[in-house]
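Let's walk through this protein together, from its pockets and folds to the places where some caution is needed. Please have the model open as you read.

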Amino acid sequence: NIHDQMSQNLSLNLNYKDISEISNLPDDLKIFHCQHNQITKIEKLPFQLKCFDITTNLVKKIVNLPEKLERFFIGSNQISKLENLPNNLIKLYCHNNPITQIVNLPNSLQYFIYVDTLVQDRDEKNCKKAISLKMIVID
């Protein structure tokens, strides 16, 4: 039973499963990997979630991320705007997205990867913040 497995480990790996929708995740889930699927939207994630990897999907918009989220991997999606990110976020990997706007990066952010992303509109505060962060470039 997948629900029992999640409750015991507090983590779930659904990579390469041809999933198009995320629903009914347990509230105590802390780590969720869902790479290389067909997910188009993210809604109602568990409030205890600390690590969420949705790399290589079809997500266009991000809403209602849990406040406890610390690591967020959203590379290779269709996201054009980053906003309302959780205040506890430490790592944000958003490479290979058509991002045109970044609004209010959280102060907690230590790693911000946006390689191959076309950021066109950043306010002065965010521009300085991005430069002051530890940048890691992945080839």
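A pocket, as the word is used here, is an open set of grid points with protein on both sides within 12 Å along at least five of seven lines. With that in mind, the largest pocket of this predicted model holds about 250 Å³ of space. Which residues line the largest pocket? One stretch of the lining is made of Glu21, Ile22, Ser23, Asn24 and Leu25, with Asp27 as a further member. Lys41 lines the pocket as well, together with Glu43, Lys44, Leu45, Pro46 and Phe47. Sorted by class, this lining has five nonpolar, five charged and two polar residues.

Now step back to the overall fold. The protein has two helices and nine strands, and in order from the N terminus these elements read α-β-β-β-β-β-β-β-β-β-α. Of its 139 residues, 41% count as buried. Among the contacts with a separation of 6 or more, residues 24 or more positions apart account for 4%.

A good place to look inside is strand S2, where you will find Phe32. Is Phe32 buried or exposed? Phe32 is buried, because its relative accessible area is 1%, below the 20% cut-off. Setting aside neighbours within four places in sequence, Phe32 is in contact with Leu12, Leu14, Ile22 and Leu25, and also with Leu49, Cys51, Phe52 and Asp53. Two of these partners, Ile22 and Leu25, are also among the residues that line the largest pocket. Pro46, another lining residue, is 14 residues from Phe32 along the chain, and the C-alpha atoms of the two are separated by 9.8 Å.

Further along, Gln48 sits in the loop between strands S2 and S3. Gln48 counts as buried because its relative accessibility is 18%, and the cut-off is under 20%. Beyond four places in sequence, its contacts are Asp27, Asp28, Leu29, Lys30 and Lys68. Asp27 is thus a partner of Gln48 and part of the pocket lining.

For a second buried site, turn to Leu82 in strand S5, which covers residues 81–82. With a relative accessible area of 1%, Leu82 is buried. Its contacts, not counting residues up to four places away, include Ile62, Ile74, Leu92, Cys94, Ile99, Gln101, Val103 and Phe112. Ile102 is on that list too; Leu82 and Ile102 are 20 residues apart in sequence, yet 4.8 Å apart in space from C-alpha to C-alpha.

Cys94 brings us to the cysteines. Cys94 counts as buried because its relative accessibility is 0%, and Cys34 is also buried at 0%. How many disulfides does the model have? The count comes to zero, where a pair would need its sulfur atoms within 2.5 Å.

Finally, a word on confidence. The mean pLDDT of the protein is 81, and 76% of its residues reach 70 or more. Strand S3, residues 51–53, has the highest mean among the elements at 97, while helix H2, residues 124–132, has the lowest at 44. Around that helix, pLDDT stays under 50 over residues 120–125, for which the model has 10 contacts beyond four places in sequence. It also stays under 50 over residues 127–139, with 21 such contacts. Where pLDDT is low, the predicted coordinates should not be read in detail.

Note on methods. Residues are numbered from 1 along each chain as its sequence is written. This is a predicted model: local features need pLDDT of at least 70, side-chain atom pairs count only at pLDDT 80 or more; totals for chains, interfaces and linings use all residues. Side-chain values use heavy atoms; hydrogens and water are left out. Buried means under 20% relative accessible area, exposed over 50%, partly exposed in between (1.4 Å probe, protein chains only). Helices (H or I, at least four residues) and strands (E, at least two) are DSSP runs, numbered from the N terminus. Contact means heavy atoms within 4.5 Å. On a 1 Å grid over the protein atoms alone, a cavity is a set of points where a 1.4 Å probe fits but cannot get out, and a pocket is an open set with protein on both sides within 12 Å along at least five of seven lines; lining residues have an atom within 4 Å of a point. Grid points are joined across faces, edges and corners, and a volume is the space filled by probe spheres set on the points. Ala, Val, Leu, Ile, Met, Phe, Trp, Tyr, Cys and Pro count as nonpolar, Asp, Glu, Lys and Arg as charged, and the others, Gly among them, as polar. pLDDT is the predictor's confidence in each residue, from 0 to 100.
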